[in-house]
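User: Please take a close look at one part of this model, the largest pocket, and set it against the strands and the ring contact elsewhere in the chain. What lines the pocket, and how are the strands paired?

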Amino acid sequence: MTSGVTAIAGGAWHTCALTTGGGVKCWGRNESGQLGDGTTTDRLTPVDVSGLTSGVVAISAGASHTCALTTSGGVKCWGNNNYGQLGDGTTAQRLTPVNVSGLTGGVSAITAGYRHICALTTSGGVKCWGANWYGQLGDGTTTDHLTPANVSGLSSGVTAIAAGVEHTCALTSSGGIQCWGNNSNGQVGDGTTTNRTIPVNVSGATTGMTAVDTGNFHTCALTSGGGIKCWGNNFSGQLGDGTTIQRLTPVAVSGLT
């Protein structure tokens with residue numbers, strides 16, 4: 001694929017590409033059907049996702065599952081479904097795309113975590129489904145959900161979302177960031193290591209933020225001034241502050257203020 005690609009998404013062991021024609025192609029490991037070609041055969045080169053050769057505007061890949069946002073604002077997912085991460089009301093593995101229950105329209109963005117998925121609605125609300133071991137679905141429970149559940153307190157006012165391995169974050173229209181889920185390394189950013197089952201404000205990041213992204217156990221945000229702040233796990237220096245000290249609240253990335 002030397003041309004004709006508009007976006008890419010990487011899972012744990014597979015990769016997908018969105019073409020200029022709105023189609024999806026995937027390659028790599030396929031033991032759970034995450035390539036979406038109707039097989040469980042690993043692919044060393046891109047293959048078409050069944051039924052999605054056009055009409056897709058965004059893609060996101062989790063550990064062993066993949067989701068696509070269609071031009072009609074619907075969400076389709078495929079692959080591993082042992083925690084309900086495909087959102088079709090079952091735990092059945094799917095080798096080709098299936099519709100996410102209740103989300104055949106009205107979605108503007110998607111993000112895939114390790115075993116969970118979240119969607120941003122056109123009204124600025126957030127819905128999540130799949131694994132919920134640490135509260136990463138944000139509905140106040142640790143119960144897995146086989147269909148989308150509303151994130152507590154975020155029915156409107158959200159402009160972007162990002163899912164890590166077991167935590168999720170949202171950027172609000174006021175420029176603030178709220179996170180929830182696993183907080184063992186401070187990746188939720190509220191100054192504690194307490195897991196959060198509903199969204200909490202990131203300390204010092206309630207305004208002035210323009211983008212957010214999540215790693216496995218850390219989070220980073222882009223400020224309105226063009227700087228970057230990060231928090232959470234820092235074992236390998238992933239927070240960029242010149243140390244390997246875990247940070248429970250945002251710190252500035254050195255040289256990128």
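Analyst:

**Strands, pocket and ring pair**

β13 and β14 form a hairpin, with three residues between the two strands. The model is predicted. Within this hairpin the strands run antiparallel, and five bridges join β13 to β14, which covers residues 167-172. One of the facing positions is I161, which stands opposite A170 in β14.

β13 also leads to the pocket. β5, β9 (107-112), β13 (158-163) and β17 (209-214) each supply at least two residues of the lining of the largest pocket. The largest share, four residues, comes from β9. The volume of the largest pocket is about 380 Å³. Its lining has 23 residues, and those closest to the pocket centre are A61, T111, A112, A163 and T214. Sorted by class, the lining holds twelve nonpolar, ten polar and one charged residues.

β5, one of the strands that supply the lining, is also part of a sheet. Four strands make up this open sheet, in the order β5-β6-β7-β8, with antiparallel pairing. β5 (56-61) and β8 (94-99) stand at the edges and have a single partner strand each, so one side of each lacks a neighbour in the sheet. From one strand to the next, the twist averages 20 degrees. Inside the sheet, β6 (residues 65-70) pairs with β7 (residues 75-79) in the antiparallel sense over five bridges. Among the bridge partners, H65 is matched with G79 in β7. Strands of a sheet pair through backbone hydrogen bonds, in either the parallel or the antiparallel sense.

The loop after β7 brings in the ring contact. The count comes to one aromatic pair. The ring centres of Y83 and W133 are 5.1 Å apart and the planes stand at 85 degrees; edge-to-face applies over 60 degrees, so the pair of Y83 and W133 is edge-to-face. This pair links distant parts of the chain, 50 residues apart: Y83 is in the loop between β7 and β8, whereas W133 is in the loop between β11 (126-130) and β12 (145-150).

Are the two residues buried or exposed? Y83 has 28% relative accessibility and therefore counts as partly exposed. W133, at 31% relative accessibility, also counts as partly exposed. The class in between applies because buried means under 20% and exposed means over 50%.

Terms used:
Residues numbered from 1 in each chain as written. Predicted model: local features only at pLDDT ≥ 70, side-chain atom pairs only at ≥ 80, totals over all residues. Heavy atoms only, no water. Pairing = 2+ DSSP bridges. Axes fitted to C-alpha atoms, helices over the stretch in contact; angles between N-to-C directions. 1 Å grid on protein atoms, 1.4 Å probe; cavity = no way out; pocket = protein on both sides within 12 Å on 5 of 7 lines; lining within 4 Å. Points joined across faces, edges and corners; volume = space filled by probe spheres on them. Nonpolar A, V, L, I, M, F, W, Y, C, P; charged D, E, K, R; others polar. Phe/Tyr/Trp six-rings, centres within 6.5 Å; stacked < 30°, edge-to-face > 60°. Buried < 20%, exposed > 50% of the residue type's maximum accessible area, 1.4 Å probe, protein only.
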